[in-house]
Amino acid sequence: MGEAFAQVFLLAFTVGIFVAPLWAWLAIRTGKKIAMTIVFLICAFSFVYTGLLQPESTTLTELVFLKTIQTIGFVGFGPICLTMISEIIDYDALKQGLDRSGTYFSAYTFLLKNIGAVATASGL
């Protein structure tokens with residue numbers, strides 16, 4: 001199935017391009033909390049589904065389905081999460097009277113980098 005790797009990722013990438021505006025629409029229509037909950041549920045489903053795959057009997061169709069679902073979830077995570085952080089920063093500035101946006105985004109970036117490092121190290 002390795003020969004289909006590029007085609008699977010190209011399909012998932014294309015799906016991601018078309019799904020991004022739908023996440024924005026959903027976040028505006030239902031609210032960011034509900035949209036983020038849906039993102040978490042889709043990602044959780046994809047993680048559980050990944051764990052249920054059997055190496056000897058997994059088909060290309062299952063892998064395409066899994067990669068597409070993961071892409072749909074991951075594409076929604078970034079923009080919705082950043083807009084929620086921006087709202088937290090605005091609320092903090094309103095309540096405290098201080099602009100601490102740099103602190104919030106540096107903490108967010110620090111956490112993302114640490115998560116990436118732990119994930120990479122755990123794969124070794």
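Visitor: What makes C43 buried?

Guide: Its relative accessible area. C43 comes in at 8%, and buried means under 20%, so C43 falls on the buried side of that cut-off. Keep in mind that we're looking at a predicted model here.

Visitor: And why is C81 called buried?

Guide: Same kind of reasoning. The relative accessible area of C81 is 13%, and the limit is under 20%, so C81 counts as buried.

Visitor: How do you know that C43 is in no disulfide?

Guide: Look at the sulfurs. The closest cysteine sulfur to that of C43 sits in C81, 11 Å away. A disulfide needs the two sulfur atoms within 2.5 Å, so 11 Å is too far for a bond. C81 is in no disulfide either, and the structure holds zero of them.

Visitor: How far can I trust the coordinates, going by pLDDT?

Guide: The protein averages a pLDDT of 91, with 98% of the residues scoring at least 70. Among the elements, α2 has the highest mean, 93, and α3 the lowest, 91.

Visitor: Why are F45 and Y49 called a stacked pair?

Guide: Two checks. The ring centres of F45 and Y49 are 5.9 Å apart, and pairing needs them within 6.5 Å. Then the planes: they stand at 20 degrees, and under 30 degrees counts as stacked, so the label follows. The two residues are four apart in helix α2 (residues 32-52), which means about one helical turn separates them.

Visitor: What makes Y49 and F65 edge-to-face instead?

Guide: The angle. Their centres are 5.6 Å apart, within the 6.5 Å limit, but the planes of Y49 and F65 are at 80 degrees. Over 60 counts as edge-to-face, so that's the name they get. This pair also links distant parts of the chain: Y49 belongs to helix α2 and F65 to helix α3 (residues 60-96), 16 residues apart. Through ring pairs, F45, Y49 and F65 join into a cluster. In total, the structure holds six aromatic pairs.

Visitor: Are F45 and F65 buried or exposed?

Guide: Neither label fits. F45 is at 43% relative accessibility and F65 at 39%. Exposed starts over 50% and buried means under 20%, so F45 and F65 are both partly exposed.

Visitor: How do you know that K32 and E87 form a salt bridge?

Guide: By the N to O distance between their side chains, which is 2.6 Å. The cut-off is 4 Å, so K32 and E87 qualify. K32 is in helix α2 and E87 in helix α3, 55 residues apart. Both are partly exposed: K32 has a relative accessible area of 26%, and E87 has 41%.

Visitor: What makes D92 and R100 a salt bridge?

Guide: Their closest N and O atoms are 2.7 Å apart, again within 4 Å, so D92 and R100 pass. D92 is buried at 10% relative accessibility, whereas R100, at 33%, is partly exposed. The structure holds two salt bridges.

Visitor: Why is F18 called exposed?

Guide: F18, in helix α1 (residues 5-30), has a relative accessible area of 60%. Exposed means over 50%, so F18 earns the word.

Visitor: Which residues make the nonpolar surface patch with F18?

Guide: L10, F13 and I17 join F18 there, and the patch covers about 480 Å².

Terms used:
Residues numbered from 1 in each chain as written. Heavy atoms only, no water. Patch = residues over 30% accessible without salt bridge, like charges linked within 9 Å, V, L, I, M, F, W, Y side chains within 5 Å. Areas by Shrake-Rupley, 256 points an atom, 1.4 Å probe, with all protein chains shown as cover. Buried < 20%, exposed > 50% of the residue type's maximum accessible area, 1.4 Å probe, protein only. pLDDT = per-residue confidence, 0-100.
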